Amino acid sequence: MSFKEFQNQSRLYVIGALEPEEVEEFEKARRKFGKKAEDYIGECYGLHEAFALSLRPAKASGAIKERLMAMVRVRKEA
Amino acid sequence: MGRSKVISSTSRKPRKRTRLTESRAPAVSVAPQLEPGAPSDLELMKAIQAEDADALSQLYDRYNGILKALILRVIHNEAEAEDLLQEIFMEIWNQSKNFSSQKGKPLGWMVTLARRRAIDGLRKKQAYARAEERLQNETEQQPDAWAHNATEEEIVLSDTRDLIRKVIVGLPPAQQQAIDLAFFQGMSQREIAAKTNTPLGTVKTRLELGLKKIYDGLKELRGEL
């Protein structure tokens, strides 16, 4: 697999769209390309952020935050 | 790190060309703009790692809307989305030490975590079938969820979101649909092929082309923000 092909596969990999047989091949290439591969995969995870930011925010109710912070206080005191 | 440090931290100036300061910032990361003087996401994450509950509160205020929208897009159920949102922020608190700025941005880490939890929840629950039915209905009414949202005049979009959406809605509908099903529904290429009655090779090509265009588009966007 060339690095260009690896880049294509990386974008599919980060959204979980590689088929099992492709993952095996992808992992081989990942080891072959080493740090360059890890850096590129890291960059591709920025797609997650972008997809989330593309949605209209849906504000949660105030009760959720109250429950969350109460749980955090309990956890800290434990 | 205490509360005062988080509150007093300075950060990016809004509405200017910004250059991300981390050496390994993700190339396609397009972070939302912050108010002047607001702590950066990274500063909040570091404070959370030091068990500063106020930092979690600030991070929640900043991103609960984005994460809930993501969860809703996956599970299509308001009450379940809120419960899951709470669980996810609790996981952010509990797992904060696993976050490393060397591997990416806090928002990217949170979105990845939220997406995984939402898709896991979707698969586990018996509500999967119901959600699928709702999705089907929504898909029939709004063939293109991204494009539909973009035309809602009553929604005032932030510049960042607007720009990202422009990149996405610029894709052919078939590519948008393939990416939507893969990212928001966690479907494999085979599942997408079956659902859309499309040859597997065509699905793969649509995903590859669409993701490359979005990736390249986001890299260009970073220069505009």
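Reader: How many residues of chain A and of chain B take part in the contact, and what makes two residues count as being in contact?

Author: Chain A gives 35 residues to the contact and chain B gives 55. Two residues are in contact if their C-beta atoms, placed from the backbone, lie within 7 Å. The model is predicted: local features need pLDDT of at least 70 and side-chain atom pairs count only at pLDDT 80 or more, while totals for chains, interfaces and linings use all residues. Residues are numbered from 1 along each chain as its sequence is written, and chains are lettered from A and ligands numbered from 1 in the order in which they are written.

Reader: Which elements of chain A give two or more residues to the side that touches chain B?

Author: They are helix H1 (3-14), helix H3 (35-44), helix H4 (46-53) and helix H5 (62-77) of chain A. H5(A) has the largest share, with 9 residues. By class, this side of chain A has 18 nonpolar, 7 polar and 10 charged residues. Ala, Val, Leu, Ile, Met, Phe, Trp, Tyr, Cys and Pro count as nonpolar, Asp, Glu, Lys and Arg as charged, and the others, Gly among them, as polar.

Reader: How many helices and strands does chain B have, and what makes a stretch count as one or the other?

Author: Chain B comes to 11 helices and 0 strands. Both are DSSP runs, numbered from the N terminus: a helix (H or I) needs at least four residues and a strand (E) at least two.

Reader: What is the angle between H2(B) and H3(B), and what is it called?

Author: The axes of helix H2 (residues 41-49) and helix H3 (residues 53-75) of chain B cross at roughly 140 degrees and come within 7 Å. Axes are lines fitted to C-alpha atoms, for helices over the stretch in contact, and angles run from 0 to 180 degrees between N-to-C directions. Angles under 35 degrees count as roughly parallel, over 145 as roughly antiparallel, 65 to 115 as roughly perpendicular and the rest as oblique. H2(B) and H3(B) are therefore oblique to each other.

Reader: Which residues meet where H2(B) and H3(B) touch?

Author: Leu44(B), Ala47(B) and Ile48(B) of H2(B) meet Ala55(B), Leu56(B), Gln58(B) and Leu59(B) of H3(B). Their classes are 6 nonpolar, 1 polar and no charged residues.

Reader: What is notable about phi of Glu51(B), and is Glu51(B) buried, exposed or partly exposed?

Author: Glu51(B) is in the loop between H2 and H3 of chain B. Its phi is near 65 degrees, a positive value in a residue other than glycine. A residue is buried if 20 or more other C-beta atoms, placed from the backbone, lie within 10 Å of its own, exposed if 12 or fewer, and partly exposed in between. Glu51(B) has 14 such neighbours, so it counts as partly exposed.

Reader: Why does Asn197(B) get the label it has?

Author: Asn197(B) has 6 other C-beta atoms within 10 Å and is therefore exposed. This residue lies in the loop between helix H10 (189-196) and H11 of chain B. Phi of Asn197(B) is near 55 degrees, again a positive value in a residue other than glycine.

Reader: How do you know what the span of H5(B) should be?

Author: The expected span is 1.5 Å times one less than the number of residues. Helix H5 (residues 106-124) of chain B has 19 residues and reaches 27 Å from its first C-alpha to its last, close to the 27 Å expected. Among its buried residues are Trp109(B), Met110(B) and Arg115(B).
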